[in-house]
Amino acid sequence: MRGPLLSACGVTKRFGGRIACRDVSFDLWPGEVLGIVGESGSGKTTLLNCLAGRLAPDGGSVTYETLSAGIVDVHHLSEARRRLLARTEWGFVNQDARDGLRMGVSAGANIGERLMAVGARHYGEIRREAIDWMTRVEIDADRLDDRPTTYSGGMRQRLQIARNLVSKPRLVFMDEPTGGLDVSVQARILDLLRGLVEGLHLSAVLVTHDLGVARLLTHRLMVMQGGMVVEQGLTDQVLDDPQHAYTQMLVASILPV
Amino acid sequence: MPDTDIQGSAYNYAYLDEQTKRMIRRAILKAVAVPGYQVPFGGREMPLPYGWGTGGIQVTAAIIGRDDTLKVIDQGADDTTNAVSIRRFFARVADVATTTRTEEATIIQTRHRVPETPLRDGQILVFQVPIPEPLRMLEPRETETRTLHALSEYGVMQVSLYESIARHGRIAKTYNYPVMVNGRYIMSPSPIPKFDNPKLDRSPALQLYGAGREKRIYAVPPHTPVKSLDFDDHPFEIETWTESCALCGSKESFLDEMIVDDAGKRLFVCSDTDYCESRR
Amino acid sequence: MYVAVKGGETAIAHSLELLADKRRGDREVAELSLEQIDQQLGLAVDRVMTEGSCYDRGLASLAIKQARGDLIEAIFLLRAYRTTLPRFGASEPLDTTHMVAERRISSTFKDVPGGQVLGPTYDYTHRLLDFALAASGERPSAATAPAEPTDRLPRVGDILQRDGLLEPPPARTAAEAQDLTRQPLVLPADRPLRLQNLARGDEGFLLALGYSTQRGYGNNHPFVGEIRYGHVPVSFVPEELGFAIEIGEIEVTECDMVNQFAGSHDVPPQFTRGYGLAFGHAERKAMAMALVDRALRAGELGEAANSPAQDEEFVLAHSDNVEGSGFVQHLKLPHYVDFQSELVVVRALRAEAEKRREQTVLSQAAE
């Protein structure tokens, strides 16, 4: 049997005297979607950045099983290898699509960048691939040569997803991917993400403050408060039968739909 | 001992003091050892303004000796004012023979062109470089571009070429066209027209690039592969003209266009004046 | 036949001649002496020495004369001379506590040990043109005697520091500071290197940046802890002697800016410093430099750095007026090879666009 794809062991991060996350451990299995929930300031985005190699933790380790080189310690890789990993086997979907896109170049160039970064040099094929991904994330292929500045918020988010998935990553980190979008737009993106994750057999770590999003997309859930994981388990179990007082409060604060 | 007299006060041979020359030579050696890599160097204030060739002048001053024959061109021509001014400068401070003939020169300092006459072993071509960083317009931060070079992360450069085709139907970059040197570093060939890029590839001459304001030196040693970036289905191409030179009839050289009367009549002549004269 | 590109050599020779003539102006008017420039345009001399990084009033006066009063050109001339000079070593750090101050003010305290000494300043002049100056004729010497020089003028900063209210100045390191005129600027830069860059930086550029921090682009609540201007001794340790000897005196203006700092979890609130120093009497420069120095410390002090004055790469890469002036003006050089290349491609693109338009018209007509 294969081992976990990503493992966190005692991950701790401080900012000055403040502890942003403390002693977080978990395993992420292939094909699994893990949700991290908690209110803002609970340390979930810091944790995500530590997991994705964007922020060096002060304690603990993050290991990842690569396709070719076996298990690696994410924070002991050379910067070159970590960045290569980040643009090939991994994806990162930012809350604000502007942080994840090149706003000054066309949608096609945005999607094609990862392909070109690993050596694609056929313009026509890069375009075909870009059009294919535009279609898969439900953006009209006519908009291929338009810049994301001319796109709506929802379209930008879908473009960011396409830009990440074009390199066929195995693991995607998502930071509030539907935050800041209208409710109707959110629903379409969630639908899209669910289809893609299942269809591509992706593993994902998803940070959200929205328990509805967590229920829809994740298999397993970690609840964070003040930098600590206070509860974890299968998503339905955690949401339907919360054990920790903080989780109970979070669940209770959702308006019944 | 200072042995050359400029305006009543003593300056060293070839203007720069010997310590500075040694420092520049060390930078040049490093640049030759790592083709296409931009070596930071302690660029000096020169008596000519920044942006007017101070990088090239410092490189030339560091390598020139009394046995050299110097040719200076700007826009391919020996008689443009800036070329004249730099040639005069070296004739004065380095007591060196000057020439306009490409074949006769041991050092050729140039701005914006590579001579049409093929270069040979032993010649050194010194380029004046305004912006040495080929990724600068895509990424303004030095700390970031340095990382991109170190990690060979060049996707962003290809993105800019892709974008050019998407917008114009072809790669519309015409000068300062980026090249890959020895399969490792992306390099700015300085603002030469892309017409000249093929001449850089496996050239028998040593190419030295000096950027004074930005304080960088880089080099392409003789016989080093230099590839202009492109796409398989949009291969690199150079400019062509339907006209030929009005003076020498050349159809192969880079032509300058001139407006010769008020009616807007055009005339095309070789940009390389030495090449043109030698054919007449 | 076409001749416009010919004759560069003669043209330059003529241009130089015309320039020399223009520089001299009307021969009926007496020629300026270097002493006159030094004595009567002293603040211009100060600026040229500061941004030219060379303390020599005579050379700076010569540069101003040769540049016809164009100070950036004069700075350029002085730097191009300075760069050829051999470097014997670095002096000992100046100790401005031992300044013989002609002027010394603080805006943080009404009175400070050593007193507020106004000295010669434009600050309280009425900016009315003094037509008496238009006429020639000598003025009587000042009736006011300069302030009594004291041996030691304590710093306002030291007083605040004693109470822990102000951060201590950075510790002196044994390593000699990097010399920007000998080594390229490497980013990120440390503070000594930044200060060196700012000291050479263009006064106007720093003024605008410093000003921008006061208008909300990176505010750091500055107070003038102290400005002092006067003579300080310069000491040097010759290798063969092994101890410091005084080799002369220079005039400098120093500005200690005191800035608010909220503190953090670990560090209680404390005032922080910005520092400016210029040759001669140059308060505007020293103050602007101090504001920008403080703004560039945003990262180190854990502040958000979103404004131009806080952006180290932006500030340090564009502060030098000799570099900037050269690169802006190089646009006057011929660019016809590049332009020719652009012409070729723009024509080709236009031709293609035209062809597409015609095809569209044709296909529409066919429908």
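**View 1. Salt bridges and polar contacts where chain B meets chain A.** Between chain B and chain A the count is 3 salt bridges, a salt bridge being a side-chain nitrogen of Lys or Arg within 4 Å of a carboxyl oxygen of Asp or Glu. One pairing to look for joins the side chains of Glu153(B) and Arg87(A), at 3.1 Å from N to O. Polar contacts link 11 residue pairs between these chains, both residues at pLDDT 80 or more. Here a polar contact is a pair of N or O atoms within 3.5 Å; within protein, one must be able to donate a hydrogen and the other to accept it, and residues adjacent in sequence count only if both atoms are side-chain atoms.

A word before moving on: this is a predicted model, in which local features need pLDDT of at least 70 and side-chain atom pairs count only at pLDDT 80 or more, while totals for chains, interfaces and linings use all residues. Residues are numbered from 1 along each chain as its sequence is written, chains are lettered from A and ligands numbered from 1 in the order in which they are written, and side-chain values use heavy atoms, leaving out hydrogens and water.

**View 2. The side of chain B that touches chain A.** Here 19 residues of chain B are in contact with 21 residues of chain A, contact meaning heavy atoms within 4.5 Å. About 1800 Å² is buried between the two chains, with carbon and sulfur atoms giving 59%; buried area is the accessible area (1.4 Å probe) that two parts lose on being put together, summed over both.

**View 3. Chain B against chain C.** In this view, 62 residues of chain B are in contact with 47 residues of chain C. The area buried between them is about 4600 Å², and 57% of it comes from carbon and sulfur atoms.

**View 4. Polar links and elements between chain B and chain C.** The rule finds 6 salt bridges across this interface. Among them, Asp311(C) pairs with Arg141(B), their closest N and O atoms being 2.6 Å apart. There are also 23 residue pairs in polar contact, both residues at pLDDT 80 or more. On the side of chain B that touches chain C, α3 (81-93), α4 (142-150), β13 (255-259) and β14 (266-270) each supply at least two residues. The largest share, 5 residues, comes from α3(B). Helices (H or I, at least four residues) and strands (E, at least two) are DSSP runs, numbered from the N terminus.

**View 5. Two domains within chain B.** Chain B is divided into domain 1 (18-228) and domain 2 (240-280), with bounds from an automatic or database domain assignment. Taken over C-alpha atoms, the domain centres are 25 Å apart. In all, 16 residues of domain 1 are in contact with 10 residues of domain 2. Together the domains of chain B bury about 940 Å² between them, 47% of it on carbon and sulfur atoms. On the domain 1 side, Arg113(B), Glu116(B) and Phe195(B) lose the most area to domain 2, together 45% of what that side buries.

**View 6. Polar links between the domains of chain B.** The count between domain 1 and domain 2 is 1 salt bridge. The side chains of Asp274(B) and Arg101(B) meet in a salt bridge at 2.8 Å, N to O. The rule also finds 8 residue pairs in polar contact across this domain interface, both residues at pLDDT 80 or more.
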